[in-house]
Amino acid sequence: MLPENLVKQWWFNSGSLIDQHFKGTPSLTSKKLVYYNQSRGNTQISYRQGASLEDFLIKTGRWYSQLICTSHPAITIGEAQITILSPTESVLSKLSENWADYFKEKKDTQINRREHDFNTSIEELARRSYIRDPSLVNQSSIAFLFELKGTRLIFLADATPEIYLAALKKLIEVRNLKKLAINAVKLAHHAGKHNFLPELLDLIDCQHFLISTDGSRHMLPNKETLAKIILHPERQPGAHTFFHFNYKNTLLQHIFDKNIALLHNFQCVFPVPSENGSNLEWNDD
């Protein structure tokens, strides 16, 4: 059981919060639909669980009950600065107007894969055209840039590249930079191919990419995403690329042949079973 005071501030764009912002009052429908129960094997609406979550956040007194979106000014917590990369206010507005279509979208437009692409060569995968993620729900995902004492981390959640790339471009222009040096990126939607565009590497210099999945659901990660990183022409010459996984199993360990990794100067890093998580270290130079 985690200590109750472990989390100092909660961010959650709840259905009622979104409706309150755009309509002045939350609707019961938005409350029900935003709290879709995504646990394994259960696709039922769970209003009770959703209401309990929002009630819990209110009772903690630590819910940052303001809309989190790209128009929000950078947020300072201690010495850290957080810049929101997704969602946009317009996406949240569309979500507020379309609660009734939420489950229809989940059924009709959710992109599913029937098999892993692990047996396809990286050359073929890198040539494949991008197909956008049409999910309004994923477009409303909270993504951000975290900066602390020269360290920069990007957490993309399930966000879509049309949104987070536009936010990064704007940030780079404001700072008068050609590229932003990033220590690590948590790839969007478990390294899903519909949530990544190679243009990301036109905007940032990064050697460490984080992938959060055990590979058992929705055929993620997509090897295509990793292939487009590996073969991207903007990769720094001689730079060693690391793909960090939070699970270690036979499936994930066989995404790439060892010879391919040596040839293209990259490495898949898996957690040590006896340790609690993984540590990432880099030089500040």
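This report describes a predicted model of one protein chain, from its overall make-up to its cavity, aromatic pairs and backbone geometry.

## Overall make-up

The protein chain contains 12 helices and 10 strands, and of its 285 residues 44% count as buried. Among the contacts in the protein chain with a separation of 6 or more, 72% are accounted for by residues 24 or more positions apart. The chain exposes about 16000 Å², and carbon and sulfur atoms supply 50% of that area.

At the level of a single helix, H1 covers residues 15-23, and within this helix Gly15, Ser16, Leu17, Ile18 and Asp19 are buried. Just after H1 comes glycine 24, which takes a positive phi of about 85 degrees.

## The cavity and cysteine 206

How many cavities of 30 Å³ or more does the count give? The count comes to one cavity of 30 Å³ or more, and the largest cavity has a volume of about 100 Å³. Its lining is made up of 13 residues, and those that lie nearest the centre of the cavity are Asp205, Cys206, Glu234, Arg235 and Gln236. Sorted by class, the lining of the largest cavity consists of six nonpolar, three polar and four charged residues.

Cysteine 206, one of the residues nearest the centre of the largest cavity, lies in the loop between strand E7, which spans residues 204-205, and strand E8. Its relative accessibility is 13%, and cysteine 206 therefore counts as buried, the cut-off being under 20%. When its neighbours within four places in sequence are left aside, cysteine 206 is in contact with Ile182, Asn183, Ala184 and Val185. Cysteine 206 can also be placed relative to threonine 241: the two are 35 residues apart in sequence, while their C-alpha atoms are 8.1 Å apart in space.

## Aromatic pairs

A search of the whole structure finds 10 aromatic pairs. In one of them, phenylalanine 209 and phenylalanine 243 lie 6.0 Å apart, centre to centre, with 40 degrees between the planes, and the pair is classed as tilted. Phenylalanine 209 belongs to strand E8 (residues 208-211) and phenylalanine 243 to strand E9 (residues 241-245), so this pair ties together parts of the chain that are 34 residues apart in sequence. Both phenylalanine 209 and phenylalanine 243 are buried.

Phenylalanine 245 and phenylalanine 270 form another aromatic pair, here a stacked one, with 5.0 Å from centre to centre and 20 degrees between the planes. This pair links distant parts of the chain, since phenylalanine 245 is in strand E9 and phenylalanine 270 is in the segment after strand E10 (266-269), with the two positions 25 residues apart in sequence. Phenylalanine 245 counts as buried because its relative accessibility is 3%, which falls under the 20% cut-off. Phenylalanine 270, with a relative accessible area of 18%, is buried as well. In addition to these pairs, Trp11, Tyr64, Phe144 and Phe155 form one aromatic cluster.

## Cis peptide bonds

Most peptide bonds are trans. Against that background, two bonds that precede a proline deserve a look. A cis peptide bond joins serine 86 and proline 87, with omega at about 5 degrees, and proline 87 is placed in the loop between strand E2 (80-86) and helix H4 (89-97). A cis peptide bond also joins leucine 220 and proline 221, where omega is about 10 degrees. Proline 221 lies in the loop between strand E8 and helix H10, the latter covering residues 223-230.

## Positive phi outside glycine

Most residues other than glycine have a negative phi. Which phi does histidine 189 have, although it is not a glycine? Histidine 189 has a positive phi of about 50 degrees, and this residue lies in the loop between strand E6 (184-186) and helix H9 (200-203).

Asparagine 265 likewise has a positive phi, of about 60 degrees, although it is not a glycine. The place of asparagine 265 is in the loop between helix H12 (258-263) and strand E10. With a relative accessible area of 27%, asparagine 265 counts as partly exposed, because this value lies between the 20% and 50% cut-offs.

Key
Residues are numbered from 1 along each chain as its sequence is written. This is a predicted model: local features need pLDDT of at least 70, side-chain atom pairs count only at pLDDT 80 or more; totals for chains, interfaces and linings use all residues. Side-chain values use heavy atoms; hydrogens and water are left out. On a 1 Å grid over the protein atoms alone, a cavity is a set of points where a 1.4 Å probe fits but cannot get out, and a pocket is an open set with protein on both sides within 12 Å along at least five of seven lines; lining residues have an atom within 4 Å of a point. Grid points are joined across faces, edges and corners, and a volume is the space filled by probe spheres set on the points. Ala, Val, Leu, Ile, Met, Phe, Trp, Tyr, Cys and Pro count as nonpolar, Asp, Glu, Lys and Arg as charged, and the others, Gly among them, as polar. Rings of Phe, Tyr and Trp (its six-membered ring) pair if their centres lie within 6.5 Å; planes under 30 degrees apart count as stacked, over 60 as edge-to-face and the rest as tilted. Helices (H or I, at least four residues) and strands (E, at least two) are DSSP runs, numbered from the N terminus. Buried means under 20% relative accessible area, exposed over 50%, partly exposed in between (1.4 Å probe, protein chains only). Contact means heavy atoms within 4.5 Å. Accessible areas come from the Shrake-Rupley method with a 1.4 Å probe; for residues, only the protein chains shown count as cover.
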